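Here is a short tour of one protein model, written for someone new to reading structures. Keep the 3D view open and follow along as the text moves from place to place.

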Amino acid sequence: MASAIVLGATGIIGRELVRELSAHPSQWKSIHALSRSKTEDFGSPSVQQHHIDLLNSAQDMAKDLSAIRDLDAVEHVFFCAWLQKSTEKENADVNGAMLQNFLDALELTGAVSKLKRIVLVTGCKQYGVHLGQAKNPMLESDPWLRDESKWPPNFYYRQQDILRAFCGDEPGSKHPEISWTVTYPNDVIGFASGNFMNLASDIGIYAAVNKELGRDLEFPGSETFYTKFDTFTSSKLHAQFCVWAVQEPKTANQGFNVMNGDVQSWQDLWPRVAQRFGMKVKADQFASPGPKDLANLVQLTEKAPQPVTLLAKECGLEGAKSLPPSQLEQRISLVKWAKTEEVKQAWNRLAEREGLQKDALEKATWAFTDFILGRNYDVVASMSKAREAGWTGYMDTWKSLSDTFGELEAARIIPKTH
């Protein structure tokens, strides 16, 4: 039986990974769930929780790791931790240092002796989706946006460079006997206690407040994106992929898109959200502009060229009118909406009456959801590479979103509707 370390074990991705590993006690002897502060009842004797601060030095992390009783028996590491900073350069510096120092700590403790595979969780920032339109569908073989005279630093690139220098089959790797796998999920749907960087919780709170105010459910994002396409990742399905991939030889030293397997759009999902909350979509929601004081428009191409331009010549898209400037079109900016007195009062009434977490409105990451819903371009990632490697997992996106609403209801973050 194998042992594993999970970094970022209480986040949306890490939490489900710990749960998936612990669901197979015949395969996984011990799972070491590492995080900086929070603890969670994983309900399994095979899960041992440990403190680690990834902002510390390698020497300090080595001391934390030394508390793991069977550290020298750990064969697999899942690195799911990251820290959001105010600039992309800071993201690259801090998140790169976190991974590098942790890998150094593994060496200092001698824990590398039994290691077989390291899984690094990243995302579709790999393709520059945070900067504008990428080439669709996004393929793992697509070129990286390395030219920093055009695009800002990408911390996923730095992390992957660090990982490849540490292990894998490339020349100069320090530990060629250890392999790696990188995952690229997108618009993750899942739940973690106390973690409000969560698309489902934001949408649920938005719907609940509008229902409390007696309003129909109006889509707050881009009219353009409402009928465009997106690919989502269930945190549960991602966990299943990681557990499969870490033991699959074909996934060694490779990066993989990890999507649910369907392609969705909000023209299909939004009416389902409304129905689940006992509401209906505002029929003429796009017939007139949203409230002027709540609207917001951000031109992404003012900061950097659209990522698709890197392949425009090769794809025959130079000067194409089908590639309008990428922008965020927030008909109702949720950042602004959540600060209005009307919304705050409605939430306070709702939270008091239903016994909800009163700070959920304040803690929600509205800027994150503004971005997800405000894009004016498709975000479609191919699953062909994973399929060819033997992965057959699938999750219906609406089911994953609806199930997460159920978890949020149970945690008293949103009111029960079922």
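Let's start with a pair of charged side chains: Asp161 and Arg146 meet in a salt bridge, with N and O 2.8 Å apart. Asp161 sits in helix α4 (residues 155–166), while Arg146 belongs to the loop between β5 (117–121) and α4, so this pair ties together parts that are 15 residues apart in sequence. How does such a pairing come about? Side chains of opposite charge can pair when their charged atoms come close. Keep in mind that this is a predicted model.

How open are these two residues? Asp161 has a relative accessible area of 32%, so it is partly exposed. Arg146 is partly exposed too, at 45% relative accessibility.

**More salt bridges**

How many salt bridges does a search of the whole structure find? The count is 27. Here are three of them, including the one you just met.

| Acidic residue | Basic residue | Closest N to O distance |
|---|---|---|
| Asp161 | Arg146 | 2.8 Å |
| Asp216 | Lys280 | 3.3 Å |
| Asp378 | Lys228 | 4.0 Å |

Take the Asp216 pair, which has its closest N and O atoms 3.3 Å apart. Asp216 is in the loop between α5 and α6 (223–226), and Lys280 is in the loop between α8 and β10 (296–299), so the bridge ties together parts that are 64 residues apart in sequence. Asp216 counts as partly exposed at 30% relative accessibility, whereas Lys280 counts as exposed at 54%.

Now for the Asp378 pair, where the closest N and O atoms are 4.0 Å apart. Asp378 lies in the loop between α13 (366–374) and α14 (384–389), and Lys228 lies in the loop between α6 and β8, so here the parts being tied together are 150 residues apart in sequence. Asp378 is partly exposed, with a relative accessible area of 22%. Lys228 is partly exposed as well, at 25% relative accessibility.

Salt bridges can also join up into a group: Arg15, Glu16, Lys236 and Glu407 are linked in a network of them.

**A closer look at helix α15**

Glu407 from that network falls within the residue range of our next stop, helix α15 (residues 397–410). You can check its length yourself. At 1.5 Å a residue, its 14 residues should span 20 Å, and the end C-alpha atoms are indeed 20 Å apart, so the two values agree.

What caps the N-terminal end of α15? That job falls to Asp396, which has a side-chain oxygen 3.2 Å from the backbone nitrogen of Trp398. After α15 comes Arg412, with a positive phi near 60°.

Which residues of α15 are buried? They are Thr397, Trp398, Ser400, Leu401, Ser402, Thr404, Phe405, Leu408 and Glu409. A helix pattern helps when you read a list like that: an α-helix has 3.6 residues a turn, so residues three or four places apart point the same way. Among the elements covering the buried residues of α15 are β7 (188–189), α5 (199–212), β8 (233–234) and α8 (266–276).

Of these, α5 is worth zooming in on. The axes of α5 and α15 come within 10 Å and cross at roughly 75°. The two helices are therefore roughly perpendicular to each other. Where they meet, Ala200, Ser201, Ile203 and Gly204 come from α5, and Leu401, Thr404, Phe405 and Leu408 come from α15.

**A few backbone oddities**

Asn136 and Pro137 are joined by a cis peptide bond, with omega about -5°. You'll find Pro137 in the loop between β5 and α4.

Asn253 isn't a glycine, yet its phi is positive, about 60°. It sits in the loop between α7 (235–245) and β9 (254–257), and at 15% relative accessibility it counts as buried. Arg412, also not a glycine, has a positive phi of about 60° too. Arg412 is in the segment after α15 and counts as partly exposed, at 47% relative accessibility.

**One last stop: His50**

His50 is part of strand β3 (residues 47–51). Is His50 buried or exposed? At 14% relative accessibility, His50 counts as buried. Leaving out residues up to four places away in sequence, His50 touches His32, Ala33, Leu34, Ser35, Ala67 and Ile68.

Methods. Residues numbered from 1 in each chain as written. Predicted model: local features only at pLDDT ≥ 70, side-chain atom pairs only at ≥ 80, totals over all residues. Heavy atoms only, no water. Helix = DSSP H or I, 4+ residues; strand = E, 2+ residues; numbered from the N terminus. Expected span 1.5 Å × (residues − 1). Buried < 20%, exposed > 50% of the residue type's maximum accessible area, 1.4 Å probe, protein only. Contact = heavy atoms within 4.5 Å. Polar contact = N/O pair within 3.5 Å; in protein donor to acceptor, adjacent residues only side chain to side chain. Axes fitted to C-alpha atoms, helices over the stretch in contact; angles between N-to-C directions. Parallel < 35°, antiparallel > 145°, perpendicular 65-115°, else oblique.
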